[in-house]
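I opened the notebook to look up the overall build of one protein and the setting of one residue in it.

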Amino acid sequence: MVPKDCRYAKTHEWVKVENGVATIGISDHAQDALGDITFVELPALGKVLVAGKECGVIESVKAASDIYAPLSGTVVEVNTSLNLKPEIINSEPHGNGWLLKLTNVNESELAQLLDAPGYEHQLENE
């Protein structure tokens, strides 16, 4: 499932911008590839992220995987419910399994991310 209202990084993070706030998570494909998620480490509030740089870690029964910032911006919220129930990402990667929210995002970086058809094309070619 690839929601049409999101943009996607080649590293499998999704972004949805509403009212100047970018919500970020990992795609359904990414959570499926990781398997049962057991732990998530997210950046601190106020941290300034740089697009393409590591900003957290997701651990699963299979592996640990870095989370990359799809956009530059300032962390204004993290999904604290993942501390107790990281498996929410497996069941709702594009809903309650979101990871973090950014403000002061770079709009030109958003335009460089893949749209849903582009991301689907990438998945077909992996």
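The entries below go from the whole chain to a single side chain.

I note that this is a predicted model, in which local features need pLDDT of at least 70, side-chain atom pairs count only at pLDDT 80 or more, and totals for chains, interfaces and linings use all residues. Residues are numbered from 1 along each chain as its sequence is written, and side-chain values use heavy atoms, with hydrogens and water left out.

Entry on the fold. I found 5 helices and 9 strands, where helices (H or I, at least four residues) and strands (E, at least two) are DSSP runs numbered from the N terminus. Along the sequence I read the order β-β-β-α-β-β-β-β-β-α-α-β-α-α.

Entry on burial and contacts. I looked up the buried share, and 45% of the 126 residues fall in that class; buried means under 20% relative accessible area (1.4 Å probe, protein chains only). Of the contacts (heavy atoms within 4.5 Å) between residues at least 6 apart in sequence, 62% join residues at least 24 apart.

Entry on histidine 12. I located histidine 12 in the loop between β1 (7-8) and β2 (13-18). Is histidine 12 buried or exposed? Histidine 12 counts as buried because its relative accessibility is 14%. Beyond its neighbours within four places in sequence, histidine 12 touches residues including Gly25, His29, Tyr119 and Glu126. The side chains of histidine 12 and glutamate 126 share a polar contact of 3.0 Å; the term covers a pair of N or O atoms within 3.5 Å, where, within protein, one must be able to donate a hydrogen and the other to accept it, and residues adjacent in sequence count only if both atoms are side-chain atoms.

Key:
Buried < 20%, exposed > 50% of the residue type's maximum accessible area, 1.4 Å probe, protein only.
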